[in-house]
Amino acid sequence: MLKSPAIESSPRIARNVVTRAVAWRFRYVSGSLLQGLPQNLLIRGKGREMDVKQFIYDKVAMIRQTVGSGKAINALSGGVDSSVVTALGHKALGDQLETVFLDDGLMRDKEPETVAATFEPLGVRVRIVDLKDRFFSALKGIEDPEEKRKAFRDTFYSSFGEIVKSSGA
C-alpha cells in the first residue's frame with residue numbers, strides 16, 4: 001500500500017482509459033451510476049472491445065487495493081479525464097477520497113462552483129481551493145506560450161503537492 005496515494009489524471013497517461021470510459025462517465029454524472037447500462041455494452045476501438053462494466057469493476061478493485069483503509073486525494077477540473085478519475089475514485093473509496101478543485105482564475109465565470117455542484121448530488125464533496133493569486137503571479141510578464149504552459153504546469157503541480165501533503169493522504 002502506498003503511504004500517500006493520490007489519484008492523478010493526465011491525458012498522456014489516461015487517454016486510452018478515458019476514451020473507453022467516456023460513455024460511463026456521462027451516465028455517472030447524470031446520477032445513474034451503473035444503473036441502466038446494457039449488460040453487453042462494449043466500446044470498440046483500435047480492433048479491441050472493452051466490457052465497460054468489467055472495466056469499472058477492475059478499476060474500482062485496483063483503487064481499493066492500492067489505498068486500503070487510508071485516504072486518497074484527487075484534483076478535479078471538470079474535464080472528462082478528471083471527472084472519470086473522480087467518479088471511479090468515489091465509487092471505490094467514498095469518504096476516503098478527498099476531491100479538490102484548484103481555482104486558477106483562468107476559467108469561465110463560476111466554473112469551479114458549477115463543477116462542484118455537478119458532483120454534489122452524487123455524494124462527491126468538492127473543496128474549491130482559491131489559487132488565483134499564485135497562478136497570476138506565476139504567469140505575470142510571460143509572453144511565450146510554451147513558457148506560460150510550463151509556468152502553469154509547475155504552479156499546478158507544486159500547489160497540488162502542497163495540498164496532498166497537508167491533507168494527510
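**Helix packing and a strand crossover**

The axes of helix 5 (residues 132–139) and helix 6 (residues 145–167) come within 9 Å of each other and cross at roughly 145°. This is a predicted model, and in it the crossing of helix 5 and helix 6 is right-handed. On the helix 5 side, the contact is made by Arg134, Phe135, Ala138 and Leu139. Their partners in helix 6 are Lys148, Ala151, Phe152, Thr155, Phe156, Ser159 and Glu162. Sorted by class, the residues of this contact come out as 6 nonpolar, 2 polar and 3 charged.

Aromatic rings turn up here too. The count for the model comes to 3 aromatic pairs. One of them involves phenylalanine 135 and phenylalanine 152, whose ring centres sit 4.9 Å apart. Their planes are at 40°, and since stacked pairs need planes under 30 degrees apart and edge-to-face pairs over 60, this pair is tilted. Phenylalanine 135 belongs to helix 5 and phenylalanine 152 to helix 6, so the pair ties together parts that are 17 residues apart in sequence.

Next up is the packing of helix 2 (residues 52–67) with helix 3 (residues 80–93), where the axes are 9 Å apart and the angle is about 65°. The crossing of helix 2 and helix 3 is right-handed. Helix 2 brings Phe55, Ile56, Lys59, Val60, Ile63, Arg64 and Val67 to the contact, and these meet Leu88, Gly89, Lys91, Ala92 and Leu93 in helix 3. Broken down by class, the contact of helix 2 with helix 3 holds 8 nonpolar residues, 1 polar and 3 charged.

That leaves the strands. Strand 5 (residues 97–103) and strand 6 (residues 126–130) run parallel and are joined by 5 bridges. Within this pairing, valine 100 of strand 5 stands opposite arginine 127 in strand 6. To get from strand 5 to strand 6, the chain passes through helix 4 (residues 111–119), and the resulting β-α-β crossover is right-handed.

Conventions:
Residues numbered from 1 in each chain as written. Predicted model: local features only at pLDDT ≥ 70, side-chain atom pairs only at ≥ 80, totals over all residues. Heavy atoms only, no water. Pairing = 2+ DSSP bridges. Helix = DSSP H or I, 4+ residues; strand = E, 2+ residues; numbered from the N terminus. Right-handed = clockwise from strand over helix to strand, strands pointing away. Axes fitted to C-alpha atoms, helices over the stretch in contact; angles between N-to-C directions. Left-handed = near helix turned anticlockwise from the far one by under 90°. Contact = heavy atoms within 4.5 Å. Nonpolar A, V, L, I, M, F, W, Y, C, P; charged D, E, K, R; others polar. Phe/Tyr/Trp six-rings, centres within 6.5 Å; stacked < 30°, edge-to-face > 60°.
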